[in-house]
Amino acid sequence: MVDWEGPLTEAFERAMTYLNGLPERRVGPRATSAELRQALGGPLPTGPTDPREVIAGLAKGVEDGLLPSGSGRFFGFVFGGATPASLAADWLTTAWDQNGAMYASSPATAVVEDITADWLVELFGLPSGTSVGFVTGAQMANFTGLAAARHEVLRRAGWDVERDGLIGAPPIRVLVGAERHNTVDRALRFLGLGTNCIVPIAVDGQGRMRADALAEALGEGPQIVCAQAGNVNTGAFDPAAEICEVAHAHNAWVHVDGAFGLWAAVSPSLQHLVQGIENADSWATDAHKWLNVPYDSGLVLCAHPEPLRASMSLTAAYLIQDQNGERDSLDYNPESSRRARGIPVYAAIRALGRSGIAEIVDRCHEMANRFAQRLEADNVQVLNDVVLNQVLARFGDDDELTRRVVTAVQSDGTCWMSGTTWQGKAAMRISVSNWTTGPTDIDRSAAAVLRIRDELIRS
Ligand SMILES: *Cc1c(COP(=O)(O)O)cnc(C)c1O
């Protein structure tokens, strides 16, 4: 008999130690890359090693190089952690090792993803009939949504981009706020549109696209408007209702990058931020950020099944695609063989329910405000309106001091956050997106940040 038990028991025990240790673990890596190479490297293995030993050695070797993003005091980037149900479902997804490409390659995956897709559309309050593709992240969700957009705006101009490509095609203009996420630019590169197609639209002090500036820039011909729900620095939202109205009046497709911000739609008290977003044509978001599903897990939603299918679908004589209306995921996303990544999303939604998801979003919002208040009470400048989960803190109105505080906080280990530059000013970027973060985490972290600032000023 195959010994599954040895390596899996080892993995289980190591995982328990890691997860149970998170609340008190130092929030930051301890090892240098040289130390990690030393612990993990060596010559190419010339022969086999016992799997359990491999797992034990691997876990030991990476230990000091892990960035504990599952900690309640991890505020870096917009990462989020993993909830118990989604993590356990992710393990099973691996054990089942399903190829999620088609109904025929995994009927259970197709059905689970179909059910989850309907739940997501309802959760976000999007039009019924909106389709959902399970991709690796918002980067690929932006790519996929913009591929559908590219198809549709060119089809309206009488051009078949899937057949004829872009050489000789009518030019497409992509109107997007100056404070967009750079994955939008990258998606446009992948799509052969190049970054020169971008028409940057002026933003306000919070990074929101100005609808009046958009109205002025819209013209004739194929055009795509890319709005943002949740600016990666400030958390601010582009005015979706106005954007959709003016863009559609000009026959443009509206894609929304809502990597984390789209989840505001689930919270009755924050819903107003996404008002009108349901009028867009496609949306990108992440499950691995605010839903706290393990990496990797992105979602692309599209109100128009045809353009999405036209841009993504794959047919080949040997592929048994389903004739009975069952879900073949290769019609919804750019992958062929793929992980059944809808399964952990299903488990996350089942375990939390609508109220549980709203509670995470609301608590993170509340905790972001608490962090901002703690800092402001002690002379730290907060550069943004804390509308969601993001706080931009600046120390002594000084770029250098601000950067030094960020670096020193990272090596202190109480909490972890990264730095950024917001509209020309250095800032500490605090993102609250972990499902376990509570008041004690905030108070401990804010106290550490203030102590470190004081030490730096005194030294
Ligand atoms: C994180 C993020 C992305 C990219 O998402 P990935 O999950 O890293 O692919 C895109 N847009 C915004 C606004 C984001 O916050």
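In this predicted model, D97 sits in the loop that links α4 (84-96) to α5 (107-124). The backbone does something a little unusual here: D97 is not a glycine, yet its phi is positive, at about 45°. As for its surroundings, D97 has a relative accessibility of 64%, and because anything over 50% is called exposed, it falls into that class.

A second aspartate tells a similar kind of story further along the chain. D397 lies in the loop between β9 (390-394) and α13 (399-412). Its phi is also positive, near 45°, and again the residue is something other than glycine. With a relative accessible area of 48%, D397 does not get over the 50% mark for exposed, so it is put down as partly exposed.

Another backbone feature turns up at the step from Y295 to D296, where the peptide bond is cis and omega is near -10°. D296 belongs to the loop between β6 (282-286) and β7 (298-302).

Now to the ligand. Around it there are 13 residues, and the ones that come nearest are Q139, D257, D286, H288 and K289. Sorted by class, this shell is made up of six polar, four nonpolar and three charged residues. Several of the nearest residues can be tied to particular atoms of the ligand. Q139 takes part through its backbone, with a polar atom there lying 2.7 Å from a ligand oxygen. D257 uses its side chain instead: an N or O atom in it is 2.7 Å from a nitrogen of the ligand. The side chain of H288 also has an N or O atom close at hand, 2.8 Å from an oxygen atom of the ligand. On its own, the ligand has 380 Å² of accessible area, and the protein covers 85% of that.

The remaining feature is a sheet towards the later residue numbers. Four strands make up this open sheet, running in the order β8-β9-β11-β10 with antiparallel pairing. At its edges are β8 (381-382) and β10 (418-422), each of which pairs on one side only. The β9 strand in this sheet is the one that leads into the loop holding D397. On the other side of the order, β10 pairs with β11 (residues 425-431) in the antiparallel sense, and five bridges join the two. One of the residue pairs can be named: W422 has K425, in β11, as its bridge partner.

Terms used: Residues numbered from 1 in each chain as written. Predicted model: local features only at pLDDT ≥ 70, side-chain atom pairs only at ≥ 80, totals over all residues. Heavy atoms only, no water. Buried < 20%, exposed > 50% of the residue type's maximum accessible area, 1.4 Å probe, protein only. Near = heavy atom within 4 Å. Polar contact = N/O pair within 3.5 Å; in protein donor to acceptor, adjacent residues only side chain to side chain. Areas by Shrake-Rupley, 256 points an atom, 1.4 Å probe, with all protein chains shown as cover. Nonpolar A, V, L, I, M, F, W, Y, C, P; charged D, E, K, R; others polar. Pairing = 2+ DSSP bridges.
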